[in-house]
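Please open the model in your viewer and keep the selection panel at hand. The tour below moves from one selection to the next and says what is found at each stop.

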Amino acid sequence: MVNLTIDDKQVTAPKSATIYEAAKLNGIKIPILCHDKKLKPFGACRMCLVEVEQMKGRQIPACTTPVTEGMIIRTSTADIVKARKMVLELLLLNHPLDCPVCDKSGDCDLQNLTYEYQVNSNRFTDEKFSHEIDYNNPLIERDMNRCVLCGKCARICDEIVSYGALTFIDRGIETKIGCEFDDGLNCEFCGSCIAVCPVGSLLARPFKHKARFWAMTKHPSVCGYCGTGCNITLGVKDNKVLTTIYDEEQGFHKGQLCVRGRFGYQFISSEKRLTTPLIKKNGRLIESTWDEALELVAGRLKGGNSVAALATPRLTNEELALFKKLLVENVGTKNFDHAAGYAHTALTGGFARSFGTSASSATILDIQKSDLLLVIKTDAYETHPVVGFEINMGVKNNGIKLTILSDKRGKLSKLPDATTIVHRPGSEVAILNAIAKTLLDDKLVTATAATIAGYAELEKALSGFTAEAVAAECGITAAAIKTLAAAYASAEKALIIFPAGQAYSGHNAELATAAANLALLTGKYDREGCGVLCLSEKNNSQGAVDMGFFAQDGGLNGVQILDACAAGTVKTLFIAGENPLISYPDHAKVKAALEAVDFLVVSELFLTETAAMADVVLPVCSYAEKEGTFTSTDRHVQYFKAAIRKNIKIKSDYEVFSNLVTRLGGALPPTPALFFSEIAANTPGYQGLSHVSLRKEGAFAPVATAPKFVAPLAVAPFAPETGKLALVTGSALYHNGTLSEYGEGPMHVCPENYVELSRSDASLYKIAEGDLVTLSSSSGSIKLKAKITPRMPAGVVFSPYHFSAAPINTIWNGSPVTSVTVSK
Amino acid sequence: MNPITPIINGMKITLKHMFMKPVTLQYPTERPKVAKRFRGLHALNVSHDKAKCVACYLCPTVCPAKCITVEAAEDANHDKYASVYEIDMLRCIFCGYCVEACPVDAVKMTEEFELANYNRTDFIYSKERLLVKK
């Protein structure tokens with residue numbers, strides 16, 4: 001810490017702080033246009049000029065000057081104010097004064113400063129710019145006439161998003177922010193540039209002209225898409241969510257969001273939302289009343305073991321716990337599960353046996369503190385983009401070594417010095433085991449590893465996994481495995497990251513234990529910057545596991561429930577928010593099961609394909625209309641309040657379950673807040689948490705580890721068939737689950753399913769970009785648009801699973817890799 | 001005091017008024033002269049066959065009676081215009097703040113004061129009714 005004087009006030013600041021940061025820390029406001037908390041200092045706008053006595057009273061930029069001991073700083077002398085006014089005059093010289101039609105008005109730094117410094121006239125004259133406005137993409141509008149050249153958009157796109165879509169082009173007075181070849185913007189549309197733009201140069205098109213900034217109320221909430229647990233601020237007007245608002249103080253990610261978080265909010269106030277309960281009569285869903293629908297459901301739930309339930313991990317912790325309570329205590333069944341029954345097994349099967357807790361042993365905050373990251377599948381960026389930003393920043397700013405084991409290349413592969421080991425699809429577990437074997441053979445294990453239970457068994461079970469044997473099977477070199485093992489062992493801190501989800505059936509308990517074994521062998525767990533981080537798919541996937549909402553104690557799991565429906569042993573199926581018809585493997589099987597089951601109840605926001613098959617459809621709330629807690633993938637428990645009032649005709653899932661509990665003869669459950677305190681007391685790591693204590697910024701539920709080695713199973717690797725391609729499924733960057741189909745933003749840029757294939761396969765099958773190709777597997781065939789990308793290795797094709805119009809599960813039966821034939 | 005004097009004084013005033021122009025107007029046959037700056041019914045100014053309004057929302061923001069409803073939209077040239085511009089005359093207090101706030105001289109107040117109507121809904125003036133007639 002250093003001591004300094006700012007405006008006659010004695011203050012202290014960290015040694016690494018700039019004058020601007022030191023002033024901000026001590027509540028002194030210095031005006032600035034080109035600064036953002038997350039970005040490196042730039043010094044473009046010259047608004048933050050201050051006088052430092054030791055520097056002979058010269059005016060120096062506060063944002064790029066580090067503090068030194070004893071500095072005496074003045075932030076607003078008459079001379080400084082004069083200089084700032086001049087800066088504003090010069091900026092306003094070319095800035096079009098179209099505030100009435102500019103959506104930034106009210107939230108515009110330039111407007112606010114002009115008002116604050118009362119710049120009412122201009123001594124200079126010049127023409128305004130007449131740059132062409134970029135309307136080329138559906139999400140981001142670029143009006144370079146309004147630009148003040150602070151460079152924040154270009155810097156955030158480079159430093160954090162690592163896409164590099166924007167940069168300064170041309171020189172002098174003609175300088176502007178442009179894209180490659182001065183063309184239209186075509187990027188991954190995370191909208192970070194919009195968030196940081198101090199003026200109205202970059203605007204969100206879905207929100208264009210919807211409301212003025214001052215007319216909206218701002219409600220902090222937690223994003224309802226992936227498991228990262230990003231904090232968002234919803235802009236609400238007339239009880240409608242109109243946009244997301246940037247707040248650089250929010251969350252670990254400091255307001256940074258991805259495309260679906262920023263642009264995918266439209267599902268909340270969508271016209272397509274269900275508003276009345278529907279009951280199937282004579283084969284048609286007819287509008288009904290809550291009383292009739294719930295009475296009917298309650299009657300059918302009195303079936304004990306013949307009742308089963310599937311819930312989406314998008315429900316709150318309170319709802320999942322209450323649903324479980326309803327099923328176990330009032331209905332009397334153990335048949336309930338989430339996420340197709342396998343997407344959570346890395347946690348419930350893998351980490352549970354290796355670490356003794358069904359949770360990751362690292363947090364997202366560990367990423368930047370690590371020395372080496374081992375990412376399994378480049379898809380980690382697509383499934384969890386904001387975690388991807390952390391990796392970007394770690395690699396670019398902290399020099400973290402990044403190694404990726406993947407069946408295809410991806411955006412993470414493009415990071416500086418990133419090593420991507422592209423292996424045959426489906427062989428990640430074997431490679432991890434080969435690394436473990438190499439660690440043992442080359443004596444790279446820590447001394448304490450041998451004291452952990454199961455060491456001897458592991459050593460024995462790994463005998464078949466020599467680097468040479470595995471490398472030959474997996475299409476990589478033994479040297480790559482050995483180098484990776486040595487790098488992993490020698491790094492001071494190392495973190496393994498892998499995504500999990502319904503499209504990643506190979507990322508199961510086996511993968512989790514194989515990764516955990518590496519961490520245990522080298523002692524890289526239970527320390528800062530170390531461990532294994534499983535990126536679970538949905539916003540409350542970890543919460544669903546923590547609440548115990550998965551098959552255990554002999555209950556049927558997700559897949560078995562559907563089998564039992566088809567066999568007739570399950571007569572009533574309650575689906576809360578899941579859309580198995582699209583997102584579970586094997587479309588035909590799921591359809592047959594849902595048709596066969598006697599009574600199907602679906603509680604949903606929309607009339608999804610699954611809901612359309614139901615006997616009773618219950619309209620429920622989205623996260624923006626209820627309160628509760630979500631647990632992010634790294635066990636960060638966060639509380640959120642309702643941002644809008646719910647439609648009076650719909651109920652939250654919590655109200656539905658409460659009502660059913662009383663109808664089945666149970667006592668009326670307490671409010672969500674009281675119920676959460678109750679469940680927190682009985683959930684490991686949650687002790688002491690309550691809605692009130694989580695209100696400010698949430699809390700990490702600690703993960704207690706009880707390490708144990710788990711011997712791997714010998715699994716026959718996927719053998720590519722001649723004349724066929726290997727299909728791997730996954731998530732697209734723009735989507736998460738099937739909910740994002742109802743978010744308009746993601747659908748603007750990624751509206752339909754596609755298949756990605758390599759250039760060599762494309763030329764082999766004479767497929768051009770955008771061609772409609774037919775993919776056939778043993779379970780069916782599907783027509784998809786072809787996308788030819790250099791990232792796919794020959795013989796491998798990729799397709800995401802989110803789309804109801806062309807669901808990939810018509811040809812995918814849940815195996816990690818599927819052999820498919822491709823024809824035009 | 002002489003009891004007759006007040007009566008005479010009173011009669012003087014009465015007689016004086018008998019020869020003065022009456023204050024009362026025989027409305028509707030006689031029309032009042034409305035001052036130029038009278039704040040009557042609103043009108044939306046037109047320029048180049050289009051309403052000048054750019055839907056900046058300053059008038060609904062400043063309106064103390066909250067009687068103005070504006071909805072903005074984007075036209076074919078990506079310009080902002082008011083797809084909805086409604087004033088609820090039952091709520092309007094004719095303060096004229098909307099005219100004062102308007103940055104583009106799109107809204108004015110006319111000399112029109114005869115706003116009586118038969119239905120409540122007729123008091124909600126839509127954009128079409130507010131546009132300046134040629």
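Two residues are taken to be in contact if their C-beta atoms, placed from the backbone, lie within 7 Å. With that criterion, and bearing in mind that this is a predicted model, begin by selecting chain A together with chain B, where the contact takes 9 residues from chain A and 12 residues from chain B. If you colour the side of chain A that touches chain B by class, you will find 6 nonpolar residues, 1 polar residue and 2 charged residues.

Next, colour chain A by domain: domain 1 covers 2-76, domain 2 covers 125-267, domain 3 is made of 278-341 + 542-700, domain 4 covers 345-535 and domain 5 covers 725-823. Keep domain 4 and domain 5 of chain A visible, whose C-alpha centres lie 27 Å apart. Between them, 17 residues of domain 4 of chain A are in contact with 18 residues of domain 5 of chain A. On the domain 4 side of this contact, the largest share, 3 residues, comes from helix H10 (residues 379-383) of chain A, and by class that side has 5 nonpolar, 7 polar and 5 charged residues.

Now move to the start of chain A and select the open sheet of 5 strands, which has the order S2-S1-S5-S3-S4 (chain A) and mixed pairing. Its edge strands, each pairing on one side only, are strand S2 (9-13) and strand S4 (59-61) of chain A, and from one strand to the next the twist averages 40°. Strand S1 (residues 2-6) of chain A runs antiparallel to S2(A), the two being joined by 5 bridges; to see one of these pairings, select Leu4(A), whose bridge partner in S2(A) is Val11(A). Then add helix H2 (residues 78-94) of chain A, which packs on the sheet and touches strand S3 (49-52) and S4 of chain A, its direction making about 155° with that of S3(A).

Stay in this region and select Ile19(A), which lies in helix H1 (residues 19-25) of chain A. Is Ile19(A) buried or exposed? Ile19(A) is buried, because 27 other C-beta atoms lie within 10 Å, where 20 or more are required. Leaving out residues up to four places away in sequence, Ile19(A) touches Val50(A), Ala62(A), Thr65(A), Val67(A) and Ile73(A). A distance label between the C-alpha atoms of Ile19(A) and Ile60(A), which are 41 residues apart along the chain, should read 9.9 Å.

The next stop is the largest nonpolar core, which has 268 residues and in which Ile435(A), Ile481(A) and Ala515(A) touch the most other members. Helix H16 (residues 509-522) of chain A gives the largest share of this core, 10 residues. Centre the view on Ile435(A), which, leaving aside neighbours within four places in sequence, is in contact with Ile481(A), Leu484(A), Ala485(A), Tyr488(A) and Leu518(A). Apart from this core lies another, of 25 residues, among them Cys53(B), Val54(B), Cys56(B) and Tyr85(B).

Finish with strand S13 (residues 278-281) and strand S14 (residues 284-287) of chain A, which pair in the antiparallel sense over 4 bridges. The two form a hairpin with 2 residues between them, and Asn282(A) in the turn has a positive phi of about 55°, while Lys281(A) stands opposite Arg284(A) in S14(A). S13(A) is also joined by 2 bridges to strand S24 (residues 616-619) of chain A, again running antiparallel, and there the bridge partner of Ile279(A) is Val616(A).

Methods
Residues are numbered from 1 along each chain as its sequence is written. Chains are lettered from A and ligands numbered from 1 in the order in which they are written. This is a predicted model: local features need pLDDT of at least 70, side-chain atom pairs count only at pLDDT 80 or more; totals for chains, interfaces and linings use all residues. Domain bounds come from an automatic or database domain assignment. Ala, Val, Leu, Ile, Met, Phe, Trp, Tyr, Cys and Pro count as nonpolar, Asp, Glu, Lys and Arg as charged, and the others, Gly among them, as polar. Two strands pair if DSSP finds at least two bridges between them. Axes are lines fitted to C-alpha atoms, for helices over the stretch in contact, and angles run from 0 to 180 degrees between N-to-C directions. A residue is buried if 20 or more other C-beta atoms lie within 10 Å of its own, exposed if 12 or fewer, and partly exposed in between; C-beta atoms are placed from the backbone. A nonpolar core is a set of buried Ala, Val, Leu, Ile, Met, Phe, Trp, Tyr and Cys residues joined through C-beta atoms within 7 Å.
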